[in-house]
Amino acid sequence: MIYDKFENLNKYFQSGDPIYKAACYARDKAAAMPDGDHLVDGDQIIARVQSYSTQPAEQRKFEYHKVYVDVQVMLDGCERQDVAPVKKLIPIGTFDTVKDIIKCEAPDLFSTVNLEPGWFVVYFPQDNHRPNCSIGAPAKVRKVCMKVKI
């Protein structure tokens, strides 16, 4: 997992890297796009623009992906996201190969970050995460989740 401000993006990735390209696309172009999935580079980079209300963490499930890395960027509002290593979690059901996702039970121990505009978070396959959680009362947010094929 990488969690930082955009001003530090080049400390992690070079300009030609697909994750760098996805993060810059999210920062520079996604706010003007309608909600939905948008192909940025075929199925290699997909922008999933979403507007929703956050929910209490207890109502959300942890998840992880095997085919895509998530680059999450908040466009408007703020949400809590929890993260824990995949090896410590108990899956709920089986891996959905079409949606590239498996849900997991919440572990006893996890870390929390607050995602707000100007920041990005990158979740790799080993990073089980619980996005869309409210900070206090549920609130409306707008976010883009860039899917970068591994």
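**View 1. The open six-stranded sheet of the predicted model.** Six strands, each a DSSP run of E with at least two residues and, like the helices (H or I, at least four residues), numbered from the N terminus, make up an open sheet in the order β1-β10-β5-β12-β3-β2, with antiparallel pairing throughout that order. Two strands count as paired if DSSP finds at least two bridges between them. β1 and β2 (36-41) stand at the edges with a single partner strand each, so one side of each has no neighbour in the sheet. From one strand to the next, the twist averages 20 degrees. The model is a predicted one, in which local features need pLDDT of at least 70 and side-chain atom pairs count only at pLDDT 80 or more, whereas totals for chains, interfaces and linings use all residues. Residues are numbered from 1 along each chain as its sequence is written, and side-chain values use heavy atoms, with hydrogens and water left out.

**View 2. Strand β10 and its two pairings with β1 and β5.** Strand β10 (residues 119-123) is largely enclosed by the rest of the structure, because four of its five residues are buried, that is, under 20% relative accessible area with a 1.4 Å probe and protein chains only, where exposed means over 50% and partly exposed lies in between. Strand β1 (residues 2-5) runs antiparallel to β10 and is joined to it by four bridges, and aspartate 4 has phenylalanine 120 of β10 as its bridge partner. Four bridges also connect β10 with strand β5 (residues 68-76), again in the antiparallel sense; here valine 71 is partnered by valine 122, and valine 73 by phenylalanine 120.

**View 3. Helix α1 lying across the sheet strands.** Helix α1 (residues 18-28) lies across β2, β3, β5, β10 and β12 (140-149), and its direction makes an angle of about 155 degrees with β12. Axes are lines fitted to C-alpha atoms, for helices over the stretch in contact, and angles run from 0 to 180 degrees between N-to-C directions; contact means heavy atoms within 4.5 Å.

**View 4. The surroundings of arginine 60.** Arginine 60, in the loop between β3 (45-53) and β4 (62-64), is buried yet has no salt bridge, the nearest side chain of opposite charge being glutamate 63 at 4.8 Å. A salt bridge requires a side-chain nitrogen of Lys or Arg within 4 Å of a carboxyl oxygen of Asp or Glu. The side chain of arginine 60 reaches the backbone oxygen of proline 131 at 3.0 Å.

Conventions:
Lys, Arg positive; Asp, Glu negative; His and termini not counted. Polar contact = N/O pair within 3.5 Å; in protein donor to acceptor, adjacent residues only side chain to side chain.
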